[in-house]
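Please look at the chain shown here with an eye to how its helices and strands come together. The text below then goes through the parts one after another.

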Amino acid sequence: MKKIEAIIKPFKLDEVKEALSAIGIQGMTVSEVKGFGRQKGHKEIYRGAEYFVDFIAKIRLDIIVDDNMVETVIKTIVDNACTGNIGDGKIFVLNVEEAVRIRTGERGIEAV
């Protein structure tokens, strides 16, 4: 099993979620996060004063999948989250040693 962590722009969430559902992804965790990369931050003006916003609002998706679904999920996220502009996000893939469904005690991919 693999854990796919995807950091995407907030306005792309619905599009990505629908596309993942269409390929059979039944569950994911969605978190509102803030961060920066090459995009850095941006300046804003509030009541006439200019200030710099260091962290940009993003969405993090956590998805656990069987090894054979990893490339399909990555392609689906890239195809639906890409705007072609800086700050589109990143995808990380991590190994998952075990998963356990608390309610039933199921283990492995069946627990996901």
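What follows is a walk through a predicted model, beginning with its helices and ending with individual residues.

A convenient place to start is helix α2, which runs over residues 70-81. At 1.5 Å a residue, its twelve residues should span 16 Å, and the C-alpha atoms at its two ends are indeed 16 Å apart, so the expected and the modelled lengths agree. Within α2, the residues V70, V73, T76, I77, N80 and A81 are buried. Around the helix axis they cover an arc of only 135°, which puts them on the same side of α2. On the other side of this helix, E71 and K75 are exposed. The spacing of such positions has a simple background: an α-helix has 3.6 residues a turn, so residues three or four places apart point the same way. The cover over the buried residues of α2 includes β1 (2-8), α1 (13-22), β5 (56-65) and β6 (89-95).

Helix α1 can be read in a similar manner. Its residues L13, V16, A19 and L20 are buried. Seen down the axis of α1, these buried residues fall within an arc of 140°, so they line one face of the helix. The face turned away from that buried side carries the exposed residues D14, E18 and A22. What covers the buried residues of α1 includes β1, β2, β5 and α2, and α1 in turn is among the elements that cover the buried residues of α2. Just after α1, G24 takes a positive phi of about 100°.

From the helices one can turn to the interior. In soluble globular proteins, nonpolar side chains tend to be buried together. Here the largest nonpolar core has 15 residues, of which I8, L20, L61, I63, V73 and I77 touch the most other members. The elements that give two or more residues to this core are β1, α1, β5 and α2. I77, which belongs to the buried set of α2, offers a view of this region: leaving aside its neighbours within four places in sequence, I77 is in contact with I4, A6, I8, V16, L20, I63, C82 and I91.

Which residues does N80, also in helix α2, touch away from its own stretch of sequence? Not counting residues up to four places away, N80 touches K12, E15, V16 and A19. With a relative accessibility of 18%, below the limit of 20%, N80 counts as buried.

Strand β5 supplies another buried position in I59, which at 7% relative accessibility falls under the same 20% limit and therefore counts as buried. Beyond residues up to four places away in sequence, I59 touches A6, I7, I8, P10, L13, V30, S31, E32 and V33. The C-alpha atoms of I59 and T83, which are 24 residues apart along the chain, are separated by 15 Å.

K34, which lies in strand β2, counts as exposed because its relative accessibility is 66% and the cut-off for that class is over 50%. Leaving aside neighbours within four places in sequence, K34 is in contact with F55, I56 and A57. K34 and K17 are 17 residues apart in sequence and 20 Å apart in space, C-alpha to C-alpha.

The model also contains open space. The largest pocket has a volume of about 350 Å³, and of the 16 residues that line it, the closest to its centre are F36, G37, K58, G89 and K90. Strands β2 (29-35), β5 and β6 each supply at least two residues of this lining.

Two further positions bring in the beginning of the chain. D67 is found in the loop between β5 and α2 and is partly exposed, with a relative accessible area of 44%. Although D67 and K2 are 65 residues apart in sequence, their C-alpha atoms are 6.0 Å apart in space, and, not counting residues up to four places away in sequence, D67 touches M1 and K2. V96, in the segment after β6, counts as buried at 18% relative accessibility. With residues up to four places away again left out, V96 touches M1, K2, K3 and I64. The C-alpha atoms of V96 and I59, 37 residues apart along the chain, are separated by 21 Å.

Definitions and conventions
Residues numbered from 1 in each chain as written. Predicted model: local features only at pLDDT ≥ 70, side-chain atom pairs only at ≥ 80, totals over all residues. Heavy atoms only, no water. Helix = DSSP H or I, 4+ residues; strand = E, 2+ residues; numbered from the N terminus. Expected span 1.5 Å × (residues − 1). Buried < 20%, exposed > 50% of the residue type's maximum accessible area, 1.4 Å probe, protein only. Arc of directions from axis to C-beta. Contact = heavy atoms within 4.5 Å. Core = buried A, V, L, I, M, F, W, Y, C linked by side-chain atoms within 4.5 Å. 1 Å grid on protein atoms, 1.4 Å probe; cavity = no way out; pocket = protein on both sides within 12 Å on 5 of 7 lines; lining within 4 Å. Points joined across faces, edges and corners; volume = space filled by probe spheres on them.
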